[in-house]
Amino acid sequence: MTDTTGSSGPLLAADGTPLKKRLAQAMFRSRARAFGLAFPLIAFIIVVFLVPIVVLLQQAVYDARYTNLMPESAASMSDWDAISPPTEAMAAAMVSDLAKARENKTIGQVATRVNREKSGTRSLFTKTARSAKKMEAPFMEALIAKDKDWADIEVWKAIKIASVTFNPGYVASALDMKYNADGSFERQDEERRIHGKLFYRTLEISFLVTIFCLLLGYPVAYLLSTLTVRTSNLLLILVLLPFWTSLLVRTTAWIAMLQAQGVMNDLFVVFGLATDDARFSLIYNKTGTLIAMTHIMLPFMILPLYSVMKTIPPYYVRAAKSMGATNWTAFWRVYFPQSVPGIGAGAMLVFILAIGYYITPALVGGQDGQMISNIIDFHMRRSLNWNLAAALGLVLLVFVLFLFWLYDRIVGIDNMKLG
Amino acid sequence: MNLTKTLLATTALAFTAGVASAADSITVVSWGGAYTKSQVEAYHKPWAAKTGNTVVSEDYNGGLAEIKSQVEAGTVTWDLVDVELSDAIRGCDEGLLEEIDHSILPAAPDGTPASDDFIEGALSDCAVANIVWSTVFAYDSSKTPGVDSIDDLFDLEGFPGKRGLRKNPKSLLEMALMADGVPAAEVYGILDTDEGVDRAFAKLDTIKDSVVWWEAGAQPPQLLADGEVVMTTAYNGRIFNAAAGEGKPFEVVWDGQIMDFDLWVMPKGAPNKAAALDFLAFSTDTQQLAAQASWISYGPARKSSGPLVGLYNDGKTEMGPHMPTAEANLENALVNNFEFWADNQDELNDRFNSWLAN
């Protein structure tokens, strides 16, 4: 360590230790104290936020179920090329594993896993496992004698895919691709391509909701920021009250408002805008999702806008006008640029919340107002294909991070102001 | 010091053991609404009165996701769950459920062993059925009179208006085929082929634009009551309760009904296994199953309960004719083929989801 104080020796504290060292100690102590205060939060975030996300996301690429439960069979298939006919060694390993899996009562798990790759193989596995113990060489013939499906190379290909531990198949299928037994990828069959469309629709809906929120929220926020504190506080309650009301209540209220026999349609009929037997379908479709989501997201736009507009000094606009600017020029050239950080924050907040939105589309979305989160929910709760759900979540996460990066490049994250 | 420790430890042990045997508390999970109410009245209350234990009743929305996450995280809090047949089979396959020894089930009053007394298919390795329910379709007779067959559900010309359908290919594909003229007995044979699946989806295409999709059992009666749909598929008990309990003019069409079981299953590692098994045996007793039928129109899963089914709890409606298993309702009825769905649900769900999205 070089000494900056030169030949006169280091400055010493009263007890003789170098002052520099004492300072470092004091700094360390205060930093440690600060860290100690923040530690509960950091630990909390790691335990309940980061760890679950990582654990869930690793399921998108890791699936050891088949390899763990059918070790011999998985090993026997590892260097099979998925083109030549399945070998006798593979059949022998299969029979031995099937017998063991039945004994351990894990055959159902194996069957479910393979069935995910090829429909109908579940009963093939459970049925064959019942008699696997009694089977004798040659095993391939014994298997085929039990069920002719074992002669189908497609079944063996499905098993081969299931036996891959680090499996790119789920991410591939989240992107509407198919992972083949020989390790290649191809596009999913036309009638099963769904995720691409849903991702696109999710973006479209989120984008539209953001635009609508901006168009509706900007004037409101402007009004709030220019009124006297007393009035604006009163009006702010009108923004906050729905914000504090349960999401479910607000969504179901929209159902009552928008349905064919609902309030809106009744009014349309009364005013002659629609006839009684040709009412508008405002709900259980994309229109319903857009209306309800815009309403629910509106406070997330108004609040950051309001907090930014509140800080814009009114005399800038007055000055511009005194120099001869029209109302429009004064607004567009002077006021609007200063409100951009609020727009950035509001739009970002609304857009990212909307991308992952789930409950409103589920309730009022019908078939063309569904978003990607609804299919993730489907795979979490109904099909129990958590691997695919994780893969879809991974794609969504990567996408949001990409948008964030893009936003930072174009607008700059420092320009964002949340209030 | 050592003595105090030992004393403390033993008192603590004795205390917890004493509490455990004196009053167990089990958590029973079911579907909520009128259905859970029927179970509370017929099973929970009498069992609690008999044993002094308490039953915590929780609601869920079906599926195995909660069980799977509890079992995999090793923090199981549910003791018994009421599930659909396909989920019972799947949960057992995936190793999420305890196997249930059928010998704990009480025999019928005339001595018939439980294994013979339960309807065929009602007992499986990990599950014991309590009711037979069915997916039917229903209409508002004050607005759309004259509906009587499964064809009418798909007949937009004869009966214009929106249709409510459950957002799930199960039951729906079968109904579509039956409406397309396939007799109940041949449905699964045809659905097992690619052409059969195409045919079912083609039939669904004809009404796709007029469908309101529902997911929770409480929605269809609401959709009918709001006039949002003119007909809707529904669980028969929910329609019965809206009609008998709330006086709604709803009628069930039994033609093309699809019967299914609801079963008790126990998540692997359930915390109060012994008490829960006792509850399970008690609730699937002949008497209790018959008692449940006075609260909701789902058929008991035991043959011996049939003759004991009496009046609805309003004291005047005869329950017999409202049961899925009543003779007159069985003319063109289908029993859900769980083997078929266990094998094909992944593929058909995918196909259905992308059909919906397009």
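**A walk through two helices and a disulfide**

In this predicted model, T289(A) is found in helix 14 of chain A, the helix that covers residues 286–309. Its relative accessibility is 0%, and because buried means under 20%, T289(A) counts as buried. Once the neighbours within four places in sequence are left aside, the residues in contact with T289(A) are I205(A), P361(A), V364(A), G365(A) and G369(A).

From there the reader can turn to helix 10 of chain A, which is made of the 32 residues 195–226. At 1.5 Å a residue this helix should span 46 Å, and since its end C-alpha atoms are 46 Å apart, the expected and computed values agree. Helix 10 of chain A nevertheless has a kink of about 30 degrees, which lies at G217(A), shortly before the proline P219(A). Elsewhere in chain A, C213(A) has a relative accessibility of 0% and therefore counts as buried.

How many disulfides does a search of the whole structure find? Over all chains there is one, and it joins C92(B) to C126(B), with an S to S distance of 2.0 Å. The pair ties together parts of chain B that are 34 residues apart in sequence, because C92(B) lies in helix 4 (residues 85–93) whereas C126(B) lies in the loop between strand 4 (123–124) and strand 5 (127–140). The torsion about the S-S bond of C92(B) and C126(B) is about 60 degrees, so the disulfide is right-handed. Both of its cysteines, C92(B) and C126(B), are buried.

Technical notes. Residues are numbered from 1 along each chain as its sequence is written. Chains are lettered from A and ligands numbered from 1 in the order in which they are written. This is a predicted model: local features need pLDDT of at least 70, side-chain atom pairs count only at pLDDT 80 or more; totals for chains, interfaces and linings use all residues. Side-chain values use heavy atoms; hydrogens and water are left out. Helices (H or I, at least four residues) and strands (E, at least two) are DSSP runs, numbered from the N terminus. The expected span of a helix is 1.5 Å times one less than its number of residues. The bend at a residue is the angle between axes fitted to the seven residues ending there and the seven starting there. Buried means under 20% relative accessible area, exposed over 50%, partly exposed in between (1.4 Å probe, protein chains only). Contact means heavy atoms within 4.5 Å. A disulfide is a pair of cysteine sulfur atoms within 2.5 Å.
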